[in-house]
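Before the tour begins, here is a short conversation between a learner and a teacher. Please look over the sequence and the model, and then follow the turns one by one.

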Amino acid sequence: MVNEGPYTHQASDSAYLFAKATLEKGHQIHRVFFYHDGVNNATRLTEPPQDDRNVVTRWSKLAEDHGVDLVVCVAAAMRRGIRDENLAPGFRISGLGQLVESGIQADRLVVFGD
Amino acid sequence: MNETTGGIEDGDGSGIVKKFMFVNRKAPYGTIYALEGLEVVLISAAFDQDVSMVFLDDGVYQLAKGQHTKAIDVKNFSPTYRALEGYDIEKLYVERESLEIRGLNAGDLLVPVEVLSSAAMGDLMKTQDVVIGF
Amino acid sequence: MLHIVNKSPFENTTLASCLRVACKGGGGALLLIEDGVYAATKNSIAGNVVRSAMGDIQVYALWPDVEARGIQDRVLEGVKMVDYGGFVDLVVEHSNVQSWL
């Protein structure tokens, strides 16, 4: 679960690096759920300076390479102007039930936020 | 799309019941965490899980009586805590020390809660399957 | 149980709350990440608090965050360093995880 947007807080970076290490160790990631300002990780309109990491495309690549399900909370997204039309590849918008379902299905749930 | 359970209705069909603990440590209104946290708790009720809510540190202010938010133009969501019972969310725990530090006692809160020592709170946390903090 | 703290102990009471509940509750592990790693510095007030908690709880710090902040030469003795892979292992080893946000 990622609760902060990119760049302002380290949460998204920590979550991404943790997710990568999880996959490298041979574990599976059931889902990454983006909540609160974390929904801002999903906008394809993000354009960081060239010498900086691109937090958004990094998530998209994780989805593409490993089939990780990236879910953005619909209510949190609508509050913050994140819609299907500005969603980066690999992300999908769905309900909070997806978070609870992950808690039920996965062996562990780790929260990254502020 | 409106707020939904994400296409998953009345549990996920797996029959698994886990212990979910939602840990609220932030005051309302100053940030959105308390409100959006409460939204997760309400959705979780549809999944027939063993849900408890914990109020620690500034989280106890979420339950303070007498919240009037008209003048800050933000919705007062404190009545929702009173409605939790209707969602079968009845396990509300507050840490005694968090209350005492703030000069509060259980009588200052909107809803009946179980007041626990820090040690009892720690013991309860250890027994959970999923802990989500806001 | 694994407890994760990501806040500096010098501007926030999160670490104190975590230790109050986690230590009295008995055992488990504490992982310091992001600004939380400042709690692992020796000769600091927070470091002293962490040192005295070590009898009750295993303390880890995320090395990439320690190194990023330039505190690698001032780390309190007894704090175990882990990388992101070690972070994953800690999550696996403990039955549940609480991020003290």
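Q: Where in chain B is B:Glu85 placed?
A: B:Glu85 lies in the loop between α2 (79-83) and β3 (91-95) of chain B, where helices (H or I, at least four residues) and strands (E, at least two) are DSSP runs numbered from the N terminus. This is a predicted model, in which local features need pLDDT of at least 70, side-chain atom pairs count only at pLDDT 80 or more, and totals for chains, interfaces and linings use all residues. Residues are numbered from 1 along each chain as its sequence is written, chains are lettered from A and ligands numbered from 1 in the order in which they are written, and side-chain values use heavy atoms, with hydrogens and water left out.

Q: Is B:Glu85 buried or exposed?
A: Buried means under 20% relative accessible area, exposed over 50%, and partly exposed in between, with a 1.4 Å probe and protein chains only. B:Glu85 has a relative accessible area of 54% and is therefore exposed.

Q: Which residues form the negative surface patch?
A: Patches are made of residues with over 30% relative accessible area and no salt bridge, like charges being joined within 9 Å and nonpolar side chains (Val, Leu, Ile, Met, Phe, Trp, Tyr) within 5 Å. Asp and Glu count as negative, Lys and Arg as positive, while His and the chain ends are not counted; the place of a charge is NZ of Lys, CZ of Arg, CG of Asp or CD of Glu. Here the negative patch is formed by B:Glu85 together with B:Asp48, B:Asp88 and B:Glu90.

Q: Which residues make the nonpolar surface patch?
A: C:Phe10, C:Ile45 and C:Val49 make this patch of about 320 Å², with accessible areas coming from the Shrake-Rupley method with a 1.4 Å probe, where for residues only the protein chains shown count as cover. C:Phe10 sits in the loop between β1 (2-5) and α1 (14-25) of chain C, and C:Phe10 is partly exposed at a relative accessible area of 49%.

Q: How many salt bridges are there over all chains?
A: A salt bridge is a side-chain nitrogen of Lys or Arg within 4 Å of a carboxyl oxygen of Asp or Glu, and by this rule there are 21 over all chains. One of them joins A:Asp37 to A:Arg80, with the closest N and O atoms 2.6 Å apart. That pair links distant parts of the chain, 43 residues apart, since A:Asp37 is in the loop between β1 (32-34) and α2 (55-66) of chain A and A:Arg80 is in the loop between α3 (74-79) and β3 (91-94) of chain A.

Q: What separates A:Lys61 and A:Asp65 along helix α2 of chain A?
A: The two are separated by about one helical turn, because they are four residues apart in that helix. A:Lys61 and A:Asp65 form a salt bridge whose closest N and O atoms are 2.5 Å apart, with A:Lys61 partly exposed at 48% relative accessibility and A:Asp65 partly exposed at 43%.

Q: Why is the sulfur of C:Cys23 not bonded to that of C:Cys18?
A: A disulfide is a covalent bond between the sulfur atoms of two cysteines, recognised here as a pair of cysteine sulfur atoms within 2.5 Å. The structure holds zero disulfides over all chains. The sulfur of C:Cys23 has its closest cysteine sulfur in C:Cys18, 7.3 Å away, and this is too far for a bond. C:Cys18 is buried with a relative accessible area of 0%, and C:Cys23 is buried with 14%.
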